[in-house]
Amino acid sequence: MDKKIATKFISEKIVPKVGAFSNEPHLKALRDGMSLTMPLLIIGSLFLIIANFPINGYLTFMANTFGKNWTSVPNMVINATFNLIGVVADVGIAYQMAKYRKVDPITASIVAFAAFMLTIPLITSKGVVSIPLGPLGSSGLFTAIIIGLGITELYCYLVRKKFTIKMPSTVPPAVSNSFSAILPGSVVLIIVWVFTLLIDMTPYKTIPNMISALIARPLTGIGTSFWGAFIAELLVSLLWICGIHGAAVVGGVLQPIWLAAMTQNAVALTEGKPLPHIITLQFFDQFVRLGGCGATLSLAILILFMAKSANLKSLGKIITGPSLFNINEPIIFGVPIVMNFMLAIPFIVAPLMNVILAYLSMKFGVVHKPIGVSVPFTTPILLSGFLATGSISGAVLQFVEVIVDGLIYYPFLKVFDKHNTEFN
């Protein structure tokens, strides 16, 4: 009876509210817009590996063959990808925001791009004006998010209020949309321009400096801390138990912080500086969620080789393959783990233990920090650990974590398996 009451409370009170939060237009625009940065990050990561492949013989061969400055060639692609994620995020977020507001997304994203560029302080040297790359990349990511969401929201509001130049119906839509953007686009750009001039009178001097000091640094400090990672992963597991895609909800808020930390590590690596962050997107994808959220790879292996109940034995043949590629929806909904309070404890504890093991081993130098390579989350363990850290220590850490996770899941699986056997 207690279980039924708890399940009813979760399904009727919690799930609708969290579902509404995850479908909030600004959060959806942020999540979907940020996803446009992933192709650039993956391409840049390939060249990051080429320039920093962790085998001395390879590096020596490349230096002897192409000269000691050979890394400057792949670094050209790295600069063209990692140092543009702010621009891509701004355009992508604005595009998605306008779509949700049913306003022409192309013109809205163009205006947002112009507004973003208006915040970038130009560099003048010997009469030549240039645009610095830094604010266009990870350091400008929070500026891009604020412009992409806030300025686009204002632009869409003005368009919906008909503050536009109305063209005759005979005019082609592309031309009509362009003219419709003139008045609202002018208003938002004037606002950003005036704000830029006002900030120049303060100690911050530029909008990116102000956002970095007041927003980016505090949020990054929280999001890339041990307790920030611990609480984030706890929320992910709790939401999944309720049947809500926890990684999508939590990641929608924190992914920009983890992506920025990832790119900062990548830039530090190319510049030969110490890596500044342990907590990045790869920290979660490659060292916490082994097999998917809840670190269920160990559970899948245990079910495949040790389950005695008929339904779990047949399920083990289906779920193990996807789990090797960190796809665990078959486990979550097939075992199931959703609303299954027998497996809720290890589903929460295992990834939290991984957070502790990974963080401490990286903090004390036993395992290399993530080097900023955007390893696809579907990459199997051992290989993903090696690529993410540029060291065999990353693969060893994953192997140890799978064993620890298995020890956590084992006693609970035995009870659940026995329950299934008796029930059948």
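User: How do helix 3 and helix 13 pack, and at what angle?

Analyst: A good way in is to take the angle and the axis separation together. In this predicted model, helix 3 (residues 38–52) packs on helix 13 (residues 246–270) at about 25 degrees, their axes lying 11 Å apart. Angles under 35 degrees count as roughly parallel, so helix 3 and helix 13 fall in that class. The crossing is left-handed. On the helix 3 side, Met-38, Leu-41, Leu-48 and Asn-52 make the contacts; their partners in helix 13 include Leu-259, Met-262 and Ala-266.

User: And at what angle does helix 5 pack against helix 13?

Analyst: Read it the same way. Helix 5 (residues 72–82) meets helix 13 at about 155 degrees, with 11 Å between the axes. Helix 5 is therefore roughly antiparallel to helix 13, since over 145 degrees counts as such. This crossing is left-handed too. Asn-75, Ile-78 and Phe-82 of helix 5 touch Met-262, Thr-263, Ala-266 and Thr-270 of helix 13.

User: Which residues touch the most other members of the largest nonpolar core?

Analyst: In soluble globular proteins, nonpolar side chains tend to be buried together. Here the largest such core holds 107 residues, and Tyr-155, Trp-258, Ile-279, Phe-283, Ile-303, Leu-312 and Val-335 touch the most other members. Val-335, for example, reaches Ile-303, Leu-312, Leu-315, Pro-330, Leu-343 and Phe-416, leaving aside residues up to four places away in sequence.

User: Is helix 8 mostly covered or exposed?

Analyst: Count its buried residues: 15 of the 20 in helix 8 are buried, so mostly covered. Helix 8 (residues 141–160) spans 28 Å between its end C-alphas, close to the 28 Å expected. Just beyond helix 8, Lys-162 has a positive phi of about 65 degrees.

Methods. Residues numbered from 1 in each chain as written. Predicted model: local features only at pLDDT ≥ 70, side-chain atom pairs only at ≥ 80, totals over all residues. Heavy atoms only, no water. Helix = DSSP H or I, 4+ residues; strand = E, 2+ residues; numbered from the N terminus. Expected span 1.5 Å × (residues − 1). Buried < 20%, exposed > 50% of the residue type's maximum accessible area, 1.4 Å probe, protein only. Core = buried A, V, L, I, M, F, W, Y, C linked by side-chain atoms within 4.5 Å. Contact = heavy atoms within 4.5 Å. Axes fitted to C-alpha atoms, helices over the stretch in contact; angles between N-to-C directions. Parallel < 35°, antiparallel > 145°, perpendicular 65-115°, else oblique. Left-handed = near helix turned anticlockwise from the far one by under 90°.
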